[in-house]
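This briefing covers the overall architecture of one protein and then the setting of a single residue within it. The sequence and structure are shown first.

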Amino acid sequence: AALALVFSFSAVLSLSAPASAAEPSAVLVVTGLLGDKSFNDSANRGFDALKAAGWKTKVIEIGRDQTKWEPAYMDLAESGEWDLIVTNGSNASETVEDVSKEFPEQKFVLYDSELKDGFPNIYAISYKQNEGSYVAGALAGLVTKSSMKGANPQNVIGFIGGMEHPIITDFLVGFIEGAKAVNPDVKVIVSYIGSWDDTAKGKEVAMAQFQQGADVVFPAAEQAGLGCVEAAKELGRYIIGVDSDQAMLFKGADEASADAILTSVLKNVDKSLARAGQLFLAGQLPLGTFESLGIVEDGAGIAYNEYYEKNVPQDIRDQVEKARLDVVEGRAAVTSALSAPAETIGRIIDSVKP
């Protein structure tokens, strides 16, 4: 069953560990690498919040080699050291489900994943990335027909996925629907890098999209997406970041990259993991269920920061806010690629082909 609850990140930061002999403990298992300024780093920030709240924490990067995943989870569960084993479920859910049956007393938290019935020691969190992408799509659809300095006369924007995956398609569908809502004739180039880590390939794919007429590109590609930022910076075009507030992560170190990022589609993994810790301490972690968090629950959205305020004209920001409210108040029914029929998803993607 899916639940939907509003959560507070700041509450976790002020939450102290219970006055008991054993401090609460959690280990984060990253199925990739940190340093992506995106998805994995967001999860790590959630663990920074737990540590600040008095938890014993550890972060392990196990990389992309899936043959190493099950042994890693098995070793952690067998150790009995951790109250919570936390990991990205978008690719590892089946592995974790198998391990959870071997260790029924061990509690697991899967983020970026739904959960089937029959796993009473797992709590899962999914995100409505299609909602945040809808708002970002509205921004891209407005920018491409604007007179902003990085916009060109062609009514073309781009989407770049790391690899084909239902969650990445969910980003794409929301992005298309948001763009079409404000710009019915917009065209969207869709490409895939074939990697989550290859920044050079990411730059190459983004360069190709910009050369085909895109002036705003949305890469949902983890670390490989940083190459897309490089391409936008070199060509004076625009990027919409993903998962983390990427412009602010470049602030002070690479202002040109920060300026190229109009906003970012946020999946607030950090807040959701910090909240999971809060629920655990309160004895309220809803094991055996998953929650689906969207804009209303502060699980998804877009970034509002100084670069957005500086670089996006007020009239466009006003229309983007209208798109956000359309989602919140139910006027925009955003298609979910996680539940819609394949034929529906195909029609949406085909409707914007250049």
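Accessible areas here come from the Shrake-Rupley method with a 1.4 Å probe. On that basis, the accessible surface of the protein comes to about 14,000 Å², and carbon and sulfur atoms hold 50% of that area. The model is a predicted one.

**Overall fold and dimensions**
- The protein contains 14 helices and 13 strands.
- Its radius of gyration is 20 Å, close to the 20 Å that the globule rule gives for 354 residues, so the protein is as compact as a globular protein of that length.
- The C-alpha trace spans about 65 × 45 × 40 Å along its principal axes.

**Burial, contacts and charge**
- Of the 354 residues in the protein, 57% are buried.
- Among contacts with a separation of 6 or more, 73% join residues that lie 24 or more positions apart.
- The protein carries 30 positive and 49 negative charges, and the mean positions of these two sets are 5 Å apart.

**The setting of serine 42**
- Serine 42 is part of helix H2, which covers residues 39-52.
- With a relative accessible area of 1%, serine 42 falls under the 20% cut-off and is therefore buried.
- When residues up to four places away in sequence are left out, serine 42 touches Ser244, Lys267, Asn268, Val269 and Asp270.
- For one of these partners, valine 269, the C-alpha to C-alpha distance from serine 42 is 5.7 Å, although the two are 227 residues apart in sequence.

Definitions and conventions. Residues numbered from 1 in each chain as written. Predicted model: local features only at pLDDT ≥ 70, side-chain atom pairs only at ≥ 80, totals over all residues. Heavy atoms only, no water. Helix = DSSP H or I, 4+ residues; strand = E, 2+ residues; numbered from the N terminus. Rg over C-alpha atoms; globule rule 2.2 N^0.38 Å. Buried < 20%, exposed > 50% of the residue type's maximum accessible area, 1.4 Å probe, protein only. Contact = heavy atoms within 4.5 Å. Lys, Arg positive; Asp, Glu negative; His and termini not counted. Charge placed at Lys NZ, Arg CZ, Asp CG, Glu CD.
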